[in-house]
Amino acid sequence: MTDTATARRSRITPEREAELYGAVLDLLREVGYDALTMDAVAARTRSSKATLYRQWGGKADLVVRAIRHSKPGRIDEIDTGSLRGDLHALVRLEDDCTIERNSALMRGVAMAMHNNADLRAAFRSQLVEPEMSSFHEVIQRAVDRGEVRPDCPALDFLLHMMVGGFATRALLDDQPPTQAFLTSYIDAVVLPALGVPTT
């Protein structure tokens, strides 16, 4: 975040910011990204449209920041002492109901990104790149502990594997991802690819 963006955003209290982000996510679930307007956000949050633009610049930035704000914790803050424990703890950050709601939300945003360069750029810079950096820290700890070989070819695909399990559950099985599914997926697919024991 730039210093200018930080200065602009500092006028809103954390409580008000959380309220705005919650309203944005509610609208996103109700109408989807393409139909979501700054006018609708302003009406829902009892804000002026000018304030929203001054604080966030536009819809793409506001939506991505709302998604980022809703994330339950940072991946790199999880340190159970083992990669298996870290990945299982990551899955447990959200209950099944929240996972289902967020899965549907992310599918809608992913579809919108295909036709919206601003959304794609904001999503990459504010969510994908920080997540990749956090995953690299988790993996580096596993390498440092000797759990994963530093030359393991699957290391570059860890985030792809995790996102794949999450995203394809609904597509292939017509079911939302659940903690049980994701934990089993980690043990059956991700950890063996990395050469990590699952017991």
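**Close-up views of a two-domain predicted model**

**Figure 1. Where domain 1 meets domain 2.** Put the two domains of this predicted model together and about 1,300 Å² of area gets buried between domain 1 and domain 2, with carbon and sulfur atoms giving 65% of that area. On the domain 1 side, look for Arg29, Tyr33 and Val64: they supply 44% of the area that domain 1 buries against domain 2, more than any other three residues. Counting contacts instead, 13 residues of domain 1 touch 14 residues of domain 2. To get your bearings, domain 1 covers residues 11-70 and domain 2 covers residues 72-198. The C-alpha centres of domain 1 and domain 2 sit 26 Å apart.

**Figure 2. Helix 2 and helix 5.** Here helix 2 (residues 14-31) packs against helix 5 (residues 59-70), with axes 9 Å apart and an angle of about 105°. Angles of 65 to 115 degrees count as roughly perpendicular, so that's what we call helix 2 and helix 5. Helix 2 brings Ala18, Tyr21, Val24, Leu25 and Leu28 to the contact, and helix 5 answers with Leu62, Val63, Arg65, Ala66, Ile67, His69 and Ser70. Sort the residues in this contact by class and you get nine nonpolar, two polar and one charged.

**Figure 3. Helix 6 and helix 8.** Now for another helix pair: the axes of helix 6 (residues 83-91) and helix 8 (residues 117-144) come within 9 Å and cross at roughly 155°. An angle over 145 degrees counts as roughly antiparallel, and helix 6 and helix 8 therefore fit that description. From helix 6, the residues to spot are Leu83, Asp86, Leu87 and Leu90; they meet Phe135, Val138, Ile139, Arg141 and Ala142 in helix 8. The contact of helix 6 with helix 8 has seven nonpolar residues and two charged ones, but no polar residues.

**Figure 4. Two stretches annotated in UniProt.** An unreviewed UniProt entry places the feature "domain: HTH tetR-type" at residues 14-74. In the model, residues 14-74 are 75% helix and 0% strand, and the C-alpha atoms at the ends of this stretch are 18 Å apart. The unreviewed entry also places a "DNA-binding region" at residues 37-56. How much of residues 37-56 is helix, and how much is strand? That stretch is 80% helix and 0% strand, with its end C-alpha atoms 13 Å apart.

Terms used: Residues are numbered from 1 along each chain as its sequence is written. This is a predicted model: local features need pLDDT of at least 70, side-chain atom pairs count only at pLDDT 80 or more; totals for chains, interfaces and linings use all residues. Side-chain values use heavy atoms; hydrogens and water are left out. UniProt positions are given in the numbering used here, feature names are shortened, and annotations may be inferred rather than shown by experiment. Helices (H or I, at least four residues) and strands (E, at least two) are DSSP runs, numbered from the N terminus. Axes are lines fitted to C-alpha atoms, for helices over the stretch in contact, and angles run from 0 to 180 degrees between N-to-C directions. Angles under 35 degrees count as roughly parallel, over 145 as roughly antiparallel, 65 to 115 as roughly perpendicular and the rest as oblique. Contact means heavy atoms within 4.5 Å. Ala, Val, Leu, Ile, Met, Phe, Trp, Tyr, Cys and Pro count as nonpolar, Asp, Glu, Lys and Arg as charged, and the others, Gly among them, as polar. Domain bounds come from an automatic or database domain assignment. Buried area is the accessible area (1.4 Å probe) that two parts lose on being put together, summed over both.
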